[in-house]
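Me: Please examine one loop of this model closely, and then relate what you find to the other local features that merit attention. A connected account would be preferable to a list.

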Amino acid sequence: MSTADPSHAAGATPDSHPGRAAVASAYQRFEPRAYLRNNYAPPRGDLSSPDGVGPWKLRCLAQTFATGEVSGRTLIDIGSGPTIYQLLSACTHFEDITMTDFLEANRQELGLWLREEAGAFDWSVYSRHVCLIEGRGESWQEKEHQLRARVKRVLPIDVHQPQPLGTGSLAPLPADALVSAFCLEAVSPDLASFQRALDHITTLLRPGGHLLLIGALEESWYLAGEVRLVVVPVCEEEVREALVHSGYEVRDLRTYTMPAHLRTGVDDVKGIFFAWAQKKVGV
């Protein structure tokens with residue numbers, strides 16, 4: 001969830017790295033509703049134009065799941081933040097989904113939607129759009145019902161720990177697939193921390209399993225309420241190199257340039273990347 005949506009999420013607990021401690025401290029001021037307004041309400045939340053950032057992300061996910069190669073029983077969403085759109089195509093292919101976030105405030109926001117409580121953020125525009133592009137004749141209500149039924153748990157996570165879900169995790173491990181949107185770059189103070197976080201979450205994935213990673217390109221900050229949060233700027237080639245270093249075969253890597261009318265002052269993002277990577281056997 002960043003400009004396009006730094007999934008402000010998996011964070012950093014105070015530890016021996018002062019940069020990560022500062023990130024963890026800053027995230028205590030993260031406001032989920034402000035983040036959602038900035039990124040998932042118009043203009044960025046306007047899905048009527050196929051050239052918009054929302055349709056681009058949803059299309060990348062839908063097209064990848066439509067290959068039939070990314071499937072199994074268990075999926076973990078790394079650093080969900082307060083958003084669910086990243087799982088709308090996934091829920092057709094996985095029956096046991098774990099959502100995760102570093103912040104209790106984000107986990108509470110997810111709970112409102114999962115329990116269909118009053119005041120939950122309305123994702124129906126996104127659900128309708130996914131049903132439209134998938135073209136299976138499914139209603140948006142059926143789509144949301146399926147996702148709610150298949151999310152089995154919402155857990156704390158810290159991607160800067162070697163065991164991101166802690167010991168004795170309730171999530172079935174290793175997972176058949178991982179999804180992560182706008183998380184790793186948004187909670188890493190530098191590129192080395194980004195690489196280590198990627199290494200850490202890769203331990204949660206079975207050999208041969210798939211990772212779908214979405215993130216911000218060349219972004220250094222974003223707003224979520226009163227707090228201005230720091231992001232490590234990454235470019236396309238750095239993302240590719242990090243995935244290879246963590247033991248993946250990069251199956252697809254696409255980029256999107258943020259148009260001027262979507263540069264709304266809530267961040268300095270230049271673009272978005274979407275990566276589909278498969279963990280090599282023996283890694």
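Reply: **A loop residue and its wider setting**

Glutamate 218 is placed in the loop between β5 (205-217) and β6 (221-224); helices (H or I, at least four residues) and strands (E, at least two) are DSSP runs numbered from the N terminus. The model is predicted, with local features requiring pLDDT of at least 70 and side-chain atom pairs pLDDT 80 or more, while totals for chains, interfaces and linings use all residues. Residues are numbered from 1 along each chain as its sequence is written, and side-chain values use heavy atoms, without hydrogens or water.

Although glutamate 218 is not a glycine, its phi is positive, at about 55°. Its relative accessible area is 38%, so it is partly exposed (buried is under 20%, exposed over 50%, partly exposed in between, with a 1.4 Å probe and protein chains only). Glutamate 116, likewise not a glycine, has a positive phi of about 55°. This glutamate 116 sits in the loop between α4 (104-114) and α5, and is exposed because its relative accessible area is 59%.

Two cis peptide bonds also involve loops. The bond from proline 42 to proline 43 is cis, with omega near 10°, and proline 43 belongs to the loop between α2 (32-40) and α3 (53-66). The bond from leucine 173 to proline 174 is cis, with omega near -5°; proline 174 is in the loop between β3 (151-156) and β4 (175-181).

Turning to the helices, α5 (residues 124-134) and α6 (residues 140-150) pack at about 105°, their axes 8 Å apart. Axes are lines fitted to C-alpha atoms, for helices over the stretch in contact, and angles run from 0 to 180 degrees between N-to-C directions. The two helices are therefore roughly perpendicular (65 to 115 degrees; under 35 is roughly parallel, over 145 roughly antiparallel, the rest oblique). Ser124, Ser127, Arg128, Val130, Cys131 and Glu134 of α5 meet Trp140, Lys143 and Glu144 of α6, contact meaning heavy atoms within 4.5 Å.

Histidine 200 lies in helix α7 (residues 191-202) and is buried, since its relative accessible area is 15%. Apart from neighbours within four places in sequence, histidine 200 contacts Val159, His160, Gln161, Pro162 and Pro164. A polar atom of the histidine 200 side chain lies 3.2 Å from the backbone oxygen of glutamine 161.

Technical notes
A polar contact is a pair of N or O atoms within 3.5 Å; within protein, one must be able to donate a hydrogen and the other to accept it, and residues adjacent in sequence count only if both atoms are side-chain atoms.
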